[in-house]
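Here is a short briefing to read alongside the sequence and the 3D view. Take a moment to turn the structure around before going on.

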Amino acid sequence: MLRAKNTTGLVFFPAFDWAISPTHPEREERLLYTQDQVLEEGLLDIDGIVELKPDIVTVEDINRVHFCVPDAEAVTTESHFISAGGAKTIGKAVLDKKIERGFALVRPPGHHANRVVHGARGFCNINIEAVMIEYLRATYGVDRVAIVDTDCHHGDGTQDIYWHDPDTLFISIHQDGRTLYPGSGFLNEFGGPNAVGTTINLPLPPETCDEGFLYAVEHAVLPILDEFQPELIINSAGQDNHYSDPITNMSFSAQGYARLTEMLKADIAVLEGGYSIEGALPYVNAGIIMAMAGIDYSYLREPDYNPDHLRQPASIKAEIDKVCEDALKLWANRHELTQALRSRDGSDSRSRQIFYDTDNILENQYETIRFCDDCAGALRIESSSSYGANILGIHIPRKACQACIDQANEWFDHGEYGNFSQIFLQDRVKDRYLIK
């Protein structure tokens, strides 16, 4: 009997009762074809590949990550709780050493969900990877985590949540934001003043092939991961870089995805995008499972795969070489860049407008972060939405120093209810969530 080299767990949650619309590419068939492929290939008959049933996350799990307006139940459905729960199941099984690696094949996805949530953007309501990670940190004491986002779209929500966290390395490989939603993910986005360099973006040109993706992983992602030394590596596994995907412009193959997975050696993969429902997802997901399990994937082929049509022009290679070179320079110079960013005493601030394309909501946000060399820093967010909500969110980071705890409590105590419809305190030191 064929045996997996690495014990690998799978969770399937197609979410039959949730879809953007019956014909929208984000619908349950994304996973049903993959399930058929997994059964036809006999992957669940291989000794060492096991199927697990998803947990359901709690409101407390979501509140460790998000300021949901007005609350978590109002911006989610039961499917969101189970989708994040599927990721949580895999995370628990890895930390309990029941499996060595695992893949949560779940939907709805999550990597466009920011810390503040007024509704859905990019088909995402809550960030399922972040909910899983913060559960694992609260329960198992995990500290340093790396997230490598390989979705074709920049993982802007995950970047937002970990922008100020020096213990979370976020690397996103995606199609250049000048050519694709959400229009972000450039090299000059490299983390807040307390976490410079722990956000790394690798924007790749349209039509990048296997050669370009694997070069970026080998020459930029792996060296940075090796130096960061995470306790866990999470892969936000979007499959929409595939050459047949209908809403993107890349030329990645199932073999390429499998090789990327083999190189990355992620402990946990969580499905994000991918909308070539029949032509790509069954083959890409099967390749990822086989690579995670450490079994031969060399015969895996899409029916219309033709490597002669997926040659990478020299101009694309030169552009990717430059992106990788510049990313490594940013990483190497991160300590010098920190001092340059702290041009003012005490704190920094930024104003942003965030558009929720799925729910047609416009958010205005004003954020203040306290400079700190000892922790991620006290964080204050004022947020108002186009439907009238106006909230104040205060975040005390997981390993906050006493000065940042005092600053955050002062912001919360002095927040005046008349100026805001709700005032939230997300206290990760005491693992509590207060609303007034």
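The notes below go from the whole chain to one sheet and the helix that packs on it.

This is a predicted model. The chain has 436 residues, with 11 helices and 16 strands along its length.

**The chain as a whole**
- The radius of gyration is 21 Å, and a compact globule with 436 residues would come near 22 Å, so the chain agrees with that expectation.
- Measured out along the principal axes, the C-alpha trace spans about 65 × 45 × 40 Å.
- Buried residues make up 62% of the 436 in the chain.
- Of the contacts with a separation of 6 or more, 73% join residues 24 or more positions apart.
- About 16,600 Å² of the chain is exposed, and 49% of that area comes from carbon and sulfur atoms.

**The six-stranded sheet**
- An open sheet of 6 strands runs in the order β11-β12-β13-β14-β15-β16, with mixed pairing.
- The edges are held by β11 (347–356) and β16 (432–435); each has a single partner strand, so one side of each lacks a neighbour in the sheet.
- On average, neighbouring strands here are turned by 15° against each other, direction ignored.

**A strand pair and a helix to look at**
- β12 (residues 361–370) and β13 (residues 379–385) pair in the antiparallel sense over 7 bridges.
- Thr 368 has Arg 380, in β13, as its bridge partner.
- Helix α11 (residues 402–414) packs on the sheet and touches β12, β13, β14 (390–396), β15 (422–427) and β16.
- The direction of α11 makes about 160° with that of β14.

Conventions. Residues are numbered from 1 along each chain as its sequence is written. This is a predicted model: local features need pLDDT of at least 70, side-chain atom pairs count only at pLDDT 80 or more; totals for chains, interfaces and linings use all residues. Side-chain values use heavy atoms; hydrogens and water are left out. Two strands pair if DSSP finds at least two bridges between them. Helices (H or I, at least four residues) and strands (E, at least two) are DSSP runs, numbered from the N terminus. Axes are lines fitted to C-alpha atoms, for helices over the stretch in contact, and angles run from 0 to 180 degrees between N-to-C directions. Contact means heavy atoms within 4.5 Å. The radius of gyration is taken over C-alpha atoms; the globule rule is 2.2 Å times the number of residues to the power 0.38. Buried means under 20% relative accessible area, exposed over 50%, partly exposed in between (1.4 Å probe, protein chains only). Accessible areas come from the Shrake-Rupley method with a 1.4 Å probe; for residues, only the protein chains shown count as cover.
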